[in-house]
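Visitor: Please take me closely through one part of this model, the stretch where the helices meet and what lies around it. I would like a connected account, with the reasoning behind each label.

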Amino acid sequence: TAFGSIYILVCVLAGPSPPSFLFDAIPQGLQRRIAGFLLWIHVAVSFAINSQALCSSIDRLKFHRVTIGKLNNNHKVRWAVLTFLV
């Protein structure tokens, strides 16, 4: 697959003793700042996607039964409370 090929390419290009965090291999300067920004965007988007999947699973399994404040009938408020807690 494409991801596997890219992983192998990165491993080969990293050499025999790469830094523990590949980001540290980028020299100081504009390239590192751009890479840092792209890494920040990647982490933010990944968190949002994983958070939605996690909250959906929690809601489907148990949270839809919560009767405090009639959360079981008010889907928007229940979702807001759940995503706030996660």
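Guide: Leu-71 counts as buried, because its relative accessibility is 11% and the cut-off for buried is under 20%. This is a predicted model, and what follows is to be read as such. Leu-71 sits in the loop between H2 and H3. Ten residues separate Leu-71 from Val-81 along the chain, and their C-alpha atoms are 9.0 Å apart. A second pair can be set beside that one: Ser-56 and Lys-70 are 14 residues apart in sequence, with 19 Å between their C-alpha atoms.

The loop joins two helices that pack against each other. H2 covers residues 30-61, and H3 covers residues 75-85. Their axes lie 10 Å apart and make an angle of about 120°. That angle is outside the 65 to 115 range for roughly perpendicular and is not over 145, the limit for roughly antiparallel, so H2 and H3 are classed as oblique to each other. The handedness of their crossing is right-handed.

A salt bridge links the two helices. It is formed by the side chains of Arg-78 and Asp-59, with an N to O distance of 2.7 Å. Arg-78 belongs to H3 and Asp-59 to H2, so this pair ties together parts that are 19 residues apart in sequence. Arg-78 and Asp-59 are both buried.

In total, the structure has two salt bridges. The other one pairs Asp-24 with Arg-32, and here the closest N and O atoms are 3.5 Å apart. The two partners differ in exposure: Asp-24 has a relative accessible area of 44%, which makes it partly exposed, whereas Arg-32, at 18%, is buried.

Along H2 itself, exposure can be followed residue by residue. Ser-56 is in H2 and is partly exposed, because its relative accessible area is 31%. Gln-52, also placed in H2, has a relative accessibility of 41% and is therefore partly exposed. Neither value is under 20% or over 50%, so both residues fall into the class in between. From Gln-52 to Trp-40 is a step of twelve residues along the chain, and their C-alpha atoms are separated by 18 Å.

Trp-40 leads to a further feature, a nonpolar surface patch of about 860 Å². Besides Trp-40, the residues that make this patch are Leu-30, Ile-34, Phe-37, Leu-38, Ile-41, Val-45 and Ile-49. Leu-38, one of these, lies in H2. Its relative accessibility is 52%, and since the exposed class starts over 50%, Leu-38 counts as exposed.

To put the part together: H2 and H3 pack at about 120°, the buried pair of Arg-78 and Asp-59 connects H3 with H2, and Leu-71 is buried in the loop between them. On H2, Leu-38 is exposed and contributes to the nonpolar patch.

Methods: Residues are numbered from 1 along each chain as its sequence is written. This is a predicted model: local features need pLDDT of at least 70, side-chain atom pairs count only at pLDDT 80 or more; totals for chains, interfaces and linings use all residues. Side-chain values use heavy atoms; hydrogens and water are left out. Patches are made of residues with over 30% relative accessible area and no salt bridge: like charges are joined within 9 Å, nonpolar side chains (Val, Leu, Ile, Met, Phe, Trp, Tyr) within 5 Å. Accessible areas come from the Shrake-Rupley method with a 1.4 Å probe; for residues, only the protein chains shown count as cover. A salt bridge is a side-chain nitrogen of Lys or Arg within 4 Å of a carboxyl oxygen of Asp or Glu. Helices (H or I, at least four residues) and strands (E, at least two) are DSSP runs, numbered from the N terminus. Buried means under 20% relative accessible area, exposed over 50%, partly exposed in between (1.4 Å probe, protein chains only). Axes are lines fitted to C-alpha atoms, for helices over the stretch in contact, and angles run from 0 to 180 degrees between N-to-C directions. Angles under 35 degrees count as roughly parallel, over 145 as roughly antiparallel, 65 to 115 as roughly perpendicular and the rest as oblique. A crossing is left-handed if the near helix is turned anticlockwise from the far one by less than a right angle, and right-handed if clockwise.
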